[in-house]
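Subject: Structure handover

Hello,

Here is the structure I said I would pass on. Please open it first, then read the notes below it.

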Amino acid sequence: MKRFFFIILYAILFGLSLQAFHFKLDHPIAEDISRLMPVKMKAIKAGDSEEAIKKVVLEAAKNDDPISIAGMQHSQGGQTLYPKGILLDMKQYDKILDLDVKEKRITVQSGATWADLQGYINPYGLALKVSQSQNIFTIGGSLSVNVHGRDIRHHALIETVESFRLLNAKGQILTVSRKENPELFSSVIGGYGLFGVILDVTLHLTDDELYKIKTKSLHYDEYTSYFKSDVLQNDDVKMHLARISVAPGSYLDEMYVTDYYRADDQAQLSNYNTLKRETIVAVPKFFLGLSRYNDWGKNRFWETQETYTANIDGNLVSRNNVMRSDSAFMDYSNPSKTEVLQEYFVPIDQFADYIDDLRKTLLDEKDFNLLNITIRYVEHNDESLMSYAKDDMFALVMLINQGIDNESKENTERVIRDMINVTLDHNGSYYLPYYGYPTKTQLFEAYPRTEEFFQLKKKYDPDNRFMNLFYEEYHP
């Protein structure tokens with residue numbers, strides 16, 4: 001009798017475990033890199049061909065399933081997730097379709113990464129015009145957030161796009177450019193996957209070049225005048241990056257800048273154009289790790305950054321290698337904490353006053369763990385409907401360490417909303433691919449064409465086939 005009882009119990013438990021496993025297979029949990037919003041999806045599907053992707057979209061329409069589109073999932077505000085929806089993974093759709101060396105133009109499937117493109121075009125002496133500083137992201141994902149980078153002569157990614165093909169909710173494939181379907185051109189780029197699936201993109205390239213690195217330390221109140229006179233007015237400066245200290249000993253005061261000048265002797269390019277790989281990971285990873293835990297660590301991390309920057313002064317580097325900066329040292333794994341990004345855009349003439357107000361806002365926030373701020377430049381561009389560059393702006397990219405519990409999220413939310421208010425007070429804006437801490441009021445103030453954007457979403461996708469948590473949070 002006892003044996004029979006255990007057999008029955010075993011059968012029940014085994015059956016339940018199978019049920020649970022089957023449930024997990026049918027309803028996978030998906031999350032972006034922040035791990036702040038795990039979402040139960042109906043299914044995760046990938047396509048390596050146009051036909052396969054179209055089949056996913058048509059089946060979703062037949063079953064009335066929402067679709068979220070994902071690349072590397074570094075957006076942190078649910079832009080690639082929607083509950084009980086289909087997650088369309090685009091990473092296998094990654095072929096280079098055409099390269100016109102003479103016209104400096106390439107057509108590539110949207111799941112390819114910037115690293116894929118660089119590896120393909122580097123032997124031809126060509127380089128990207130615009131991409132993020134790190135090359136790990138997919139082209140489709142980068143279009144969907146309309147990225148920018150270090151180049152101060154080419155700004156938002158939309159400037160470099162000639163055309164793309166879009167698979168809409170009806171399974172139709174549209175060619176989209178400034179002349180064909182122009183409404184879609186300005187809304188899909190920077191549209192966070194809400195209008196359809198970007199299939200392939202034709203981008204304009206530029207020549208690879210050899211740059212000489214020049215670095216300089218200065219104070220925050222010198223930065224705007226330095227940038228306007230020594231960087232913008234000097235045609236030899238092609239790229240620019242700055243950092244401002246978050247170390248207690250020099251908090252939002254000390255800065256250093258890194259400028260990339262076109263080298264006098266371009267014949268040396270062949271000595272520097274081998275695409276670099278990350279080799280020294282342990283040292284920066286160690287010091288970044290120290291900065292997560294206390295003020296002493298933050299001071300040491302800043303000193304290390306300053307020393308490294310001084311040491312690279314005078315070095316030569318190819319354009320392609322500037323646009324593949326190290327990222328492995330930032331990898332972070334902690335079961336109770338995560339790291340999120342924020343990015344704020346402020347008009348360059350308001351930078352010093354903005355920093356003063358930001359400092360006042362943050363000085364007493366002892367539980368707000370700000371690790372790093374890098375600064376780039378983006379020129380005014382309103383071609384994208386959801387453009388962040390309402391003026392000539394400095395872009396401040398912030399790395400924040402926080403807990404994943406509700407109390408930590410609420411604290412980060414409060415501080416971020418305060419920072420956004422400071423940014424808006426200085427006629428600035430903020431970047432949208434991050435966690436949904438901002439309020440609807442802040443969104444509509446930072447992006448005055450938001451209502452138009454939402455109306456076009458309804459026009460081109462009335463059944464809300466393409467959905468994500470960002471849209472769910474903010475649309476009327």
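Helix H10 crosses helix H11 in a right-handed sense. Bear in mind throughout that this is a predicted model.

The helix pair

H10 covers residues 351-362 and H11 covers residues 406-425. Their axes lie 10 Å apart and make an angle of about 160°. Because angles over 145 degrees count as roughly antiparallel, H10 is described as roughly antiparallel to H11.

Which residues of H10 and H11 meet? From H10 they are Tyr354, Asp357, Leu358, Thr361 and Leu362, and from H11 they are Val415, Asp418, Met419, Val422 and Thr423. Sorted by class, this contact has six nonpolar residues, two polar ones and two charged ones.

The second largest pocket

The second largest pocket holds about 440 Å³ of space. Its lining is made of 19 residues, and those closest to the centre are Asp295, Lys298, Glu365, Lys366 and Phe368. Helix H8 (295-312) and strand S17 (369-378) each give at least two residues to this lining. By class, the lining of the second largest pocket has nine nonpolar, three polar and seven charged residues.

The cavities

There are five cavities of 30 Å³ or more. I describe two of them here.

The largest cavity contains about 70 Å³ of space. Several tyrosines are in its lining, namely Tyr430, Tyr431, Tyr434, Tyr435 and Tyr474. The other lining residues are Gln79, Gln342, Leu432, Gly436, Pro438, Leu443 and Phe470. In class terms, the lining of the largest cavity has nine nonpolar and three polar residues, with no charged ones.

The second largest cavity has a volume of about 50 Å³. Which residues line the second largest cavity? They are Ile244, Val246, Ala247, Lys298, Phe301, Trp302, Gln305, Leu371, Asn372 and Ile373. H8 and S17 are the elements that give two or more residues to this lining. H8 contributes the most, with four residues. The lining of the second largest cavity divides into seven nonpolar residues, two polar residues and one charged residue.

When you go through the model, it may help to look at Lys298. This residue is among those closest to the centre of the second largest pocket, and Lys298 also lines the second largest cavity. H8 and S17 likewise appear in both places, in the lining of the pocket and in the lining of the cavity.

Regards

Note on methods
Residues numbered from 1 in each chain as written. Predicted model: local features only at pLDDT ≥ 70, side-chain atom pairs only at ≥ 80, totals over all residues. Heavy atoms only, no water. Axes fitted to C-alpha atoms, helices over the stretch in contact; angles between N-to-C directions. Parallel < 35°, antiparallel > 145°, perpendicular 65-115°, else oblique. Left-handed = near helix turned anticlockwise from the far one by under 90°. Contact = heavy atoms within 4.5 Å. Nonpolar A, V, L, I, M, F, W, Y, C, P; charged D, E, K, R; others polar. 1 Å grid on protein atoms, 1.4 Å probe; cavity = no way out; pocket = protein on both sides within 12 Å on 5 of 7 lines; lining within 4 Å. Points joined across faces, edges and corners; volume = space filled by probe spheres on them.
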